[in-house]
Amino acid sequence: MKLFAIFGDPVSHSRSPLMHNCVFKNLHVDACYTRVHLEDGSKLKETFFNLGLSGANVTVPHKEAAFDACDEVRGFAKKIGVVNTLINENGKLIGYNTDADGFMYAISQFSPIKNILIIGAGGTAKALANKFVEENYHVEVLNRSQGRLTYFKELGIATHTWKSIQIKKYDLVVNTTSAGLSDNEYPAPLEILEPLISTCKFCADAIYGKVTPFLQLAKRYEITSKDGADMLLGQGVLANALFTQHQFKNESIEKEMKGSFLL
Ligand code: NDP
């Protein structure tokens, strides 16, 4: 039997074991997926091999450590320096990133979109900004502090802080901050957020499992919106396709994985 896991700190909240085990069980794959609470990201590689894993997912705060741990990084992960999926390929650790494509899957019904504002400037924002640029969207980034904005400026993206932003109309506003995750905060002050949300077409939050204050505001203005559940599903489907070496259609994996959301 093949063993898979998710590494994180914390990790007990993760829905990934349920999602992947549902696919393995219903598609008759001889495999099992568990969770590993890992505090020290530098121990990722040795823990992976000591446990005899065939593959893994990596969540907060180890996605950059996962990139460093890999023998080889492929595709989009190489561009952004962030890895969320690991594969054991003949004793070598191969890294991928499925978060950004998972998000593109999540917003595929949001159309038409040209201008996007990302709120937040962490790892998720990096992945999404790179993907949006790659797909020729116009993207801007708003963050509460200046420090992490340098990365986006170097990509040629217009950046704003709460002090410098001039309100304008965006097609899509995405919350990638952790505001609202374990508190009831908005990702930006209301005097900034209200005009942004009330004039946009769509809102998306990376946080899943709750209606954050950001999403409550979108609902108040009757803006079409979604939480991070579809992003979670999208990245999970793509990771599972890597785990099962593309032996199933993504649609079949998606169908089984969606079932886990009803459990
Ligand atoms: P990071 O820690 O890398 O970045 C967090 C960002 O949020 C920073 O820009 C930080 O600003 C900002 N921030 C934090 N708290 C607040 C606040 N109270 N008000 C305003 N801004 C704030 O996190 P990640 O990018 O890894 O993850 C962000 C969120 O996305 C998490 O909630 C995570 O659960 C979710 N996520 C969901 C996924 C899914 O599949 N649905 C996948 C990946 C992530 P500053 O720079 O000033 O510190």
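**View 1. The shell around the ligand.** In this predicted model, 25 residues surround the ligand. A121, T124, R144, S145 and A206 are the closest of them. By residue class, the shell divides into 11 nonpolar, 10 polar and four charged residues. Two helices, α6 (123-134) and α10 (229-243), each supply at least two residues of this shell.

**View 2. Backbone contacts to the ligand.** Three residues appear here with their backbone atoms: A121, G123 and A206. A polar backbone atom of A121 is 2.8 Å from an oxygen atom of the ligand. An oxygen atom of the ligand also lies 3.0 Å from a backbone N or O atom of G123. At A206, the partner on the ligand is a nitrogen atom, 2.8 Å from a polar backbone atom of the residue. On its own, the ligand has 940 Å² of accessible area, and the protein covers 83% of that.

**View 3. The ligand in its pocket.** Which pocket holds the ligand? The ligand sits in the largest one. Helices α6 and α10 can be followed here as contributors to the shell, each with at least two residues. A121, T124, R144, S145 and A206 are again the residues to look for, being the closest to the ligand.

**View 4. A salt bridge between two helices.** The side chains of E64 and K126 meet in a salt bridge, with an N to O distance of 3.6 Å. E64 belongs to helix α3 (residues 63-69) and K126 to helix α6, so the pair ties together parts that are 62 residues apart in sequence. The count of salt bridges in the model comes to 14. Helix α6 also supplies at least two residues of the shell around the ligand.

**View 5. The cis peptide bond at P10.** D9 and P10 are joined by a cis peptide bond. Omega is about 5 degrees. P10 is placed in the loop between β1 (2-8) and α1 (16-26).

**View 6. The cis peptide bond at P112.** Here a cis peptide bond joins S111 and P112. Omega is about 0 degrees. Where is P112 placed? The loop between α5 (99-106) and β7 (115-119) contains this proline.

**View 7. Positive phi at H28.** H28 is not a glycine, yet its phi is positive, at about 60 degrees. This residue is found in the loop between α1 and β2 (31-37). Helix α1 also borders the loop that holds P10.

Key: Residues are numbered from 1 along each chain as its sequence is written. This is a predicted model: local features need pLDDT of at least 70, side-chain atom pairs count only at pLDDT 80 or more; totals for chains, interfaces and linings use all residues. Side-chain values use heavy atoms; hydrogens and water are left out. A residue is near a molecule or strand if one of its heavy atoms lies within 4 Å of it. A polar contact is a pair of N or O atoms within 3.5 Å; within protein, one must be able to donate a hydrogen and the other to accept it, and residues adjacent in sequence count only if both atoms are side-chain atoms. Accessible areas come from the Shrake-Rupley method with a 1.4 Å probe; for residues, only the protein chains shown count as cover. On a 1 Å grid over the protein atoms alone, a cavity is a set of points where a 1.4 Å probe fits but cannot get out, and a pocket is an open set with protein on both sides within 12 Å along at least five of seven lines; lining residues have an atom within 4 Å of a point. A molecule sits in a cavity or pocket if more than half of its atoms lie within 2 Å of its grid points. Helices (H or I, at least four residues) and strands (E, at least two) are DSSP runs, numbered from the N terminus. Ala, Val, Leu, Ile, Met, Phe, Trp, Tyr, Cys and Pro count as nonpolar, Asp, Glu, Lys and Arg as charged, and the others, Gly among them, as polar. A salt bridge is a side-chain nitrogen of Lys or Arg within 4 Å of a carboxyl oxygen of Asp or Glu.
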